[in-house]
Amino acid sequence: MILEGKKLCKYYGTGESQVKAIHEIDFTVEKGEFISIVGQSGAGKSTLMHIIGGLDAPTSGEVIMNGTSIYTLPANQLAVFRRREIGFVFQAFNLVPSLNVWENIILPIGLDGKKADFEYIKDILNTLDIYEKRTSLPTALSGGQQQRVAIARAIAAKPSIILADEPTGNLDSRSSRDVLNLLRLSIQRYNQTLIIVTHNEDIASLSDRTVRVVDGSIVVEASQ
Ligand code: ADP
């Protein structure tokens, strides 16, 4: 097991106006799994994703990743752990505007003192059809291209877990399938684990297992 959430709760506010964004969620993920998290807007998917990604502490409960209870770590150690273990793909791409595509992709690898695998990155960029754009600044790219850069950046660092929030939200259906296939190839090749949040049932159906969140709780876990 690579990831375990135990009785995860996240509450906002107090008293009558309190929102229980997620409530007592238990959640386990095996190494190498591809999991999709689905559910309506406001169900608690992003909250769950942020908590399991080490970005936002739960109100109560525990997240255990690779044997470490991550929220017991001091903030600076948690930041290092997160950078080493997790690749994020957010809806907002968080690309550095002053750096070109290639620099954006190798930046987190350098921060971690690791060496970039140039052939591998070239391969990723070619598969995502953005190799020609490697010296372009993010502002010169379309939304879909920026999304592919964010995906390339997450895969390039070879993290053990990739967390992606609507990774195909800006892409047409053909590009969506290409991106999903690339993510799948990556997790197979590097024995990674992939967790995506999606509204798209077609994309969810490509995963090994679908976790459905309704009103802050997991209601169905279906194996495909
Ligand atoms: P989803 O990703 O499924 O759309 P979210 O996790 O974003 O759902 O939100 C779950 C619930 O928590 C919603 O009711 C949302 O309004 C509430 N919520 C999320 N973040 C905050 C916050 N910072 N303050 C108050 N309520 C929040």
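Let me start with the ligand: in this predicted model, the residues around the ligand are Y12, V19, A21, Q40, S41, G42, A43, G44, K45, S46 and T47. If we sort this shell by character, 4 of its residues are nonpolar, 6 are polar and 1 is charged. As for where they come from, β2 and α1 each supply at least two residues of the shell, and the largest share, 3 residues, comes from α1.

Which backbone atoms approach the oxygen atoms of the ligand? A polar backbone atom of G42 is 2.7 Å from an oxygen atom of the ligand, while for A43 a backbone N or O atom lies 3.1 Å from a ligand oxygen, and for Q40 the distance between a polar backbone atom and an oxygen of the ligand is 3.5 Å. Taken on its own, the ligand has 560 Å² of accessible area, and the protein covers 58% of that.

Now to the sheet, which is open and has 4 strands in the order β2-β1-β4-β5, paired in antiparallel fashion. Its edge strands are β2, residues 19-29, and β5, residues 68-69, and each of these pairs on one side only. Helix α1, residues 45-52, packs on this sheet, where it touches β1 (3-12), β2 and β4, and the direction of the helix makes about 125 degrees with that of β1.

At the β5 edge, strand β4, which spans residues 60-65, is joined to β5 by 2 bridges, and the two run antiparallel; here M65 stands opposite T68 in β5.

To return to the ligand, then, please keep α1 in view, since this helix both packs on the sheet and gives the largest share of the shell.

Terms used
Residues numbered from 1 in each chain as written. Predicted model: local features only at pLDDT ≥ 70, side-chain atom pairs only at ≥ 80, totals over all residues. Heavy atoms only, no water. Pairing = 2+ DSSP bridges. Contact = heavy atoms within 4.5 Å. Axes fitted to C-alpha atoms, helices over the stretch in contact; angles between N-to-C directions. Near = heavy atom within 4 Å. Polar contact = N/O pair within 3.5 Å; in protein donor to acceptor, adjacent residues only side chain to side chain. Areas by Shrake-Rupley, 256 points an atom, 1.4 Å probe, with all protein chains shown as cover. Nonpolar A, V, L, I, M, F, W, Y, C, P; charged D, E, K, R; others polar.
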